[in-house]
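I opened the notebook to record what I looked up in this model, going from single residues to helix pairs and back to the whole chain. The entries follow in the order in which I made them.

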Amino acid sequence: MDAENATWRKELMWDDDGKRAEMGTKMFCDVSPHIMLNSHGVSEKMDSGYKGMEFWEYPLPQLEIIILSIFLLWRLFDMLFKKLGVPIPKFTSMMLVGAVLNEVFGSMQISCFKHIFIHDNKYMPKVADTIGAFAFVLDWFLRGVTTDVGIIKKSGTKSVVIGITSMIIPWQIGKLLYSSREKSSILTMTENEYNVMTFTMSMTPFTCVNMLLTDLKIVHTDFGQIAQSSGMVTDVLAFFLTVWAYISRDETQGVKMGFAFMAFFIFVYLVRQFMLWVIRHTPEGAPVKNIYLYIGLLLAYLSYLYWNRFLFFGPLGAFVLGLAVPNGPPLGSVFIQKFDSFNEGIFLPLFGSLSMIKLDWSFLRKEFGDEFGDGKHLHGHMYECFSFLPIVYIAKFGTSFLAAIATKIPLRDSIILAVIMGTKSSFELAYVLTAFEKYRISLEVLSLLGVYILVNSLLTPMAIHFLYDRSKRFVCYGRRNLKQKSELQTLVCINKPDNITSMISLLRATSPSKDSPMECCVLHLIELQGQATPTFISHQLQKPKPGSRSYSENVISSFQLFQEIYCDSASINMFTSLTSAKEMHEHICWFALSQGSNLILLSFHRTWGPDGSVVISDDQTLRTLNRNVLKRAPCSVGIFVYRKPIWQTKALESPCRVCLIYVGGNDDKEALALADHMRGNQQVILTVMRLIPASHADDISKRIHSQMVDMNRHEDRPRDDSIIIDWTVGDGTETSKILHSVAYDYDLFIVGRRSGFGTTVTRGLGDWMEFEELGIIGDLLASEYFPSRASVLIVQQQE
């Protein structure tokens, strides 16, 4: 087709319906928007003069301009906010781009920009909008992939209470407010519009909470986990309320939906089994085949179409299917690595920006601008909307805050949690757009809700950033220490092959039994150099390639043998983490937090020779790791100094002599709780050495005895040959003499990290301390000048 003949196409595409009718039916075939997607090049205008079309008037160049412009602008906003230190989420930056484009081009008289970004021609292909919707569905699928499906099972009382109350109460308040308004005045908004606003304000979707916490890098915090669990609870509650609403309107429709749900969840179960089969047949360290990724994407979009046709809100189908994909490596992490950055960087901004462009900004300028105000905002849509939304938000904030306080969450974290529960983002924007497309709300209400969502998504992260102390991101509300549970839930960290024997010896001494079971996660830490991608391997699911060696073959075989010996009382799960040294402590803390561990066992950074008298290696990187874990750990921590001779190979049948040094304090109580686990071992002889300051010796002795009785009151061990020795000391010199006198009597010393700190027991010893992570007494016992060859375990209770 030549450029001259393009003129009538231009008129046909851009003119109104009246001109289309005048052309008759003979031109119908040429109306298709898929004809002439791209221009003939830069020479077209030159050849045809005024009759030719500009290149931006064709659909393909328009799409390219839209994608490039939105990408550059949202990246500009994102980098600007980061430079200013303002914690604005990425999706909020995408919405801001749409608001800016509409405000700039909507008031400009340059027609080409209007036709590209803000054209109203319904016959032009809306390719950019379609790609944005595609990206939104993919984003929901990937959110499902990153979600641990067990989060519903892990939802404790806190999450359930906060999730239910924070939705039901605002929902009911919104309904009551609408009823009172309906009776007392003439409303300009319909009941459907009020219902949409009430639902939008009452919901706290898991995906939006996860997106916010991920952008703020606090997704692994304890209140972040509670917020996500609460969001999942509100999702489930909203799901059942929506289904009930459909059933109450039409019973036949309810029966159809029941069959549709049944078929879909059978399909999800089969997909889950297929995904697990893929993982089992993918050797550890090897990438998942691309064909499985493409099948996963295809199934995600089929799920979207299925929900859109037979159920409601299609993206939810993609999210549910994403839950069927096992999160983490090797499958879930590959989905994220391959598609998340590309989708979030290129395609998802189209959804956020073009959705905001659809708002009626001329109406908003008229309502918000004083120079255009004519008094209508006092009783029209704007008044009803912005007097309704704050009331429901306050109800949601107050309900979430009171529920958090009632479940014994600290005051500041309760406020942060309430702010998170009121966040609005992509789900609410998609929901109100869907309601608009289904004619449930007007363009004016859509515009007002869009502005509210934008303002909320701007202010919420700022409030969280102002209130939140990042140094406490691994703090737990519930106590995760050995005193609280009879079951020992341990995270054993292996940095070197030398750590395997020492850690197994220590675990054997804790005497796992039916009365005192042990659940142990073994994490083999491998340092990555350079810019390599961190990798996490679960050895329960993945096996090495036939004929190849595993990253952690020695670790696996050694701990498997230990589990075979204690198969009735010990559960061992093995993992490998390949990451950089700077991030290793973060991975340990996150893993301990997610696994519910109550004790992290680390190896001391020094390694001794065979006789335990000479230091043969001094790994400062490992020392830095240990110190960082001590500062941030979500549970108790033990640093094990292995100098032998605990459970020596030649004397496995001989008793292991363990000495607990007890002065008093939280760390000593935790050390006593660990020693309490050893009392049931027939081969362990436990001695409790109480060091009592000479001043007020009688009162302190009674208090220490009372603490020990409280610790052991609830236990009735089958055998207890514990020996208690009391020493009254006046200063650190006497303490040192006592410990030197018993240096050869024991195979293992256990001591609290801050044992005796600030008392006369350690007075003077602190001046000679070399390693502050071991504490004063622990440093003395682990010193190369201490004559003992016994191992030492230093215990720190959860902060």
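Entry 1, a cut-off before I start. I call a residue buried under 20% relative accessible area, exposed over 50%, and partly exposed in between. I also note that I am working on a predicted model, and I read every value below with that in mind.

Entry 2, valine 455. I looked up valine 455 and found it in helix 21, where its relative accessibility of 38% falls between the two cut-offs, so I wrote it down as partly exposed. I then checked a partner far off in sequence: threonine 92 is 363 residues away along the chain, yet the two C-alpha atoms are 9.0 Å apart in space.

Entry 3, the chain as a whole. I stepped back to see what surrounds such a residue, and counted 29 helices and 13 strands in the protein chain. The chain has 799 residues, of which 53% count as buried. Its accessible surface comes to about 36600 Å², and carbon and sulfur atoms account for 59% of that. Taking contacts between residues at least 6 apart in sequence, I found that 80% join residues at least 24 apart.

Entry 4, helix 9 against helix 18. How do the axes of helix 9 and helix 18 cross? I took helix 9 as residues 157-184 and helix 18 as residues 381-406, and their axes come within 8 Å and cross at roughly 150 degrees. Because angles over 145 degrees count as roughly antiparallel, I entered helix 9 and helix 18 as roughly antiparallel to each other. The crossing of these two helices is right-handed.

I then listed who meets whom. On the side of helix 9 the contact includes Val161, Ile162, Met167, Ile173, Leu177 and Arg181, and on the side of helix 18 it includes Glu384, Phe388, Ile391, Lys396 and Ala404. Sorted by class, the contact between helix 9 and helix 18 holds 14 nonpolar, six polar and three charged residues.

Entry 5, leucine 177 inside that contact. I picked leucine 177, which lies in helix 9, and asked whether it is buried or exposed. At 18% relative accessibility, leucine 177 is under the 20% cut-off and therefore counts as buried. Leaving aside residues up to four places away in sequence, leucine 177 touches Phe388 and Ile391. Isoleucine 391 is 214 residues from leucine 177 along the sequence, while their C-alpha atoms are 9.0 Å apart.

Entry 6, helix 11 against helix 12. I repeated the procedure for helix 11 (residues 206-216) and helix 12 (residues 222-249), which pack at an angle of about 160 degrees with their axes 8 Å apart. That angle is over 145 degrees, and helix 11 and helix 12 are therefore roughly antiparallel to each other. Their crossing is right-handed. In helix 11 the residues in contact are Phe206, Val209, Asn210 and Leu213, and they meet Gly224, Ala227, Gln228, Gly231, Met232 and Asp235 in helix 12. I sorted these residues into five nonpolar, four polar and one charged.

Entry 7, tryptophan 244. I stayed with helix 12, which also holds tryptophan 244. With a relative accessible area of 59%, tryptophan 244 is exposed. Between tryptophan 244 and glycine 254, ten residues apart in sequence, I noted a C-alpha to C-alpha distance of 8.1 Å.

Entry 8, asparagine 626. Which residues does asparagine 626 touch, apart from those up to four places away in sequence? I found Leu602, Ser603, Phe604, His605 and Ile639. Asparagine 626 lies in helix 25, residues 620-632, and is buried, with a relative accessible area of 2%.

Entry 9, two residues with positive phi. Lysine 408 has a positive phi of about 65 degrees although it is not a glycine, and I located it in the loop between helix 18 and helix 19. Lysine 408 counts as exposed at 73% relative accessibility. Tyrosine 439, also not a glycine, has a positive phi near 60 degrees; I placed tyrosine 439 in the loop between helix 20 and helix 21, and at 76% relative accessibility it counts as exposed.

Methods:
Residues numbered from 1 in each chain as written. Predicted model: local features only at pLDDT ≥ 70, side-chain atom pairs only at ≥ 80, totals over all residues. Heavy atoms only, no water. Axes fitted to C-alpha atoms, helices over the stretch in contact; angles between N-to-C directions. Parallel < 35°, antiparallel > 145°, perpendicular 65-115°, else oblique. Left-handed = near helix turned anticlockwise from the far one by under 90°. Contact = heavy atoms within 4.5 Å. Nonpolar A, V, L, I, M, F, W, Y, C, P; charged D, E, K, R; others polar. Buried < 20%, exposed > 50% of the residue type's maximum accessible area, 1.4 Å probe, protein only. Areas by Shrake-Rupley, 256 points an atom, 1.4 Å probe, with all protein chains shown as cover.
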